[in-house]
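Please work through the exercises below with the sequence and the model side by side, trying each task before reading its solution.

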Amino acid sequence: MPGYKVCVLIPTYNNERTLKRVIDGVLAHTGDVIVINDGSTDTTAEILSAYPELRQIHLPENRGKGLALRTGFDLAVKEGFDFAITIDSDGQHFPEDIPVFINVLKKEPDPGVLLIGARDMDQESVPGKSSFGNRFSNFWYWVETGIRLSDTQSGYRLYPLRELEKLSFFTNRFEFEIEVIVKAAWKGIRVKNVPVRVYYDKTERVSHFRPVKDFFRISLLNTWLVFLTFFYIRPREFFRNIKKKGFKHFIMEDILGSYDSPRKKALSIALGVFVGLSPFWGLHTPIVIFMALALKLNKVIAFTASNISIPPFIPFVIYASLETGNFILGEKHSFSISEIHGNTDILNHIKAYVIGSFSLGVVAASLFGMLAYVFLSYFDKKMTLHNG
């Protein structure tokens, strides 16, 4: 791999049946190899003793694939490498695909690119649980980053080491491979798939993935990442965008002057108003962002419109919802703002409140959406005539 400071990392744990074949395959492409023996208890150490020319790290006990990779990254940086290709030692990856990653660097030189080998998960040899796990992971990665990938679990990757140094990680096992690509995307590192082959041989492949424990750890990590996404990352990006452009330019470009059609903008406003009036207090932001993503609407506009229920308006929103609910149910209870501040009526009349809030949300969303469509259509025509 001349001209590129790229090494290959091989983390391994009790893969004595396939380790030698993987190492020999990698050596056919480069001698810059780092093997991390993650506390193996089989003949791994003996196999590695036949390769004294390789950089080797022998961890005293098994600490997890994530820690093994992070340890390998640290050594690769000290050795002066800019990129590291990681390949599993269980034989599922083809060392012959190493040039696939290098060719991307040649065609699209980008010091911040992180490449993930995309496997054909529909082929017959791929276990059903692996295919399901990959789809599960792809979905949550999209929720957390807005990036659609076909394979987020492949361990066959190219990492930009200098960019990873700017990130902090706290996971040590399989879930690290999720944490690293999510945080890379949040940092602005370009994450993309490249096609690679995969082969699952049931007679020799040893998987150390623990279905219950590791799936739980990954789910726990995704829960935390989703929380950070909607309560920190998305709001941070929103306000950074306003600060970067200035409030006036932000309104003109992102709200009024964007390339979205008046219909799409109006629907985004309607969505935001509906969610903002819904009874899901504390969850309005993640709900509106998720729905805007799912419906392919303008996330910024929807988020802005959802703030119809900001603190000063909350008592009035609750009051209007309760009155609307009682009207629909045929109740004759009367409420005052002071009573609602005490939350008593909300607890005693939760049915009326929930029904009223959704009904009010539908009516308000329709009204705001139609008014916005008329105004935006007029503004759009005016801008077209002006530019023409």
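The exercises that follow treat burial, helix packing and backbone angles in turn.

This is a predicted model, in which local features need pLDDT of at least 70 and side-chain atom pairs count only at pLDDT 80 or more, while totals for chains, interfaces and linings use all residues. Residues are numbered from 1 along each chain as its sequence is written, and side-chain values use heavy atoms, with hydrogens and water left out.

**Exercise 1. The chain as a whole**

Task: State how many helices and strands the protein chain has, and what percentage of its residues count as buried.

Solution: Begin with the elements, which are DSSP runs numbered from the N terminus (helices are H or I with at least four residues, strands are E with at least two). The protein chain has 16 helices and seven strands. Turn next to burial, where buried means under 20% relative accessible area, exposed means over 50%, and partly exposed lies in between (1.4 Å probe, protein chains only). Of the 388 residues of the protein chain, 49% count as buried.

**Exercise 2. Two helices and their surroundings**

Task: Decide which residues of helix 4 are buried and which exposed residues lie on the face turned away from them, and then find how many residues of helix 7 are buried.

Solution: In helix 4, which spans residues 98-107, the buried residues are Ile98, Phe101, Ile102, Val104 and Leu105. Looking down the axis of helix 4, one finds these buried residues within an arc of 150° (taken from the directions from the helix axis to the C-beta atoms), so they line one face of the helix. An α-helix has 3.6 residues a turn, so residues three or four places apart point the same way. The face of helix 4 turned away from the buried side carries the exposed residues Lys106 and Lys107. Among the elements that cover the buried residues of helix 4 are strand 1 (6-12), helix 1 (19-27) and strand 7 (190-195). For helix 7 (residues 176-186), eleven of the eleven residues are buried, so helix 7 is largely enclosed by the rest of the structure. The buried residues of helix 7 include Glu177, Glu179, Lys183 and Trp186.

**Exercise 3. How helix 11 and helix 12 pack**

Task: Describe the angle between helix 11 and helix 12, and name the residues that make their contact.

Solution: Axes are lines fitted to C-alpha atoms, for helices over the stretch in contact, and angles run from 0 to 180 degrees between N-to-C directions. Helix 11 (residues 284-295) packs against helix 12 (residues 299-306) at about 150°, and their axes are 9 Å apart. That makes helix 11 roughly antiparallel to helix 12, a term for angles over 145 degrees. The contact, meaning heavy atoms within 4.5 Å, is made by Thr285, Val288, Ile289, Ala292 and Leu293 of helix 11 together with Lys299, Ala302, Phe303 and Ser306 of helix 12.

**Exercise 4. Positive phi angles**

Task: For Asn14 and Lys296, determine the value of phi, and say whether each residue is buried or exposed.

Solution: Most residues other than glycine have a negative phi, and most peptide bonds are trans. Asn14 has a positive phi near 55°, and it is found in the loop between strand 1 and helix 1. Asn14 is buried, with a relative accessible area of 17%. Lys296, which is not a glycine either, has a positive phi of about 60° and lies in the loop between helix 11 and helix 12. Lys296 is exposed, with a relative accessible area of 62%.

Methods: Parallel < 35°, antiparallel > 145°, perpendicular 65-115°, else oblique.
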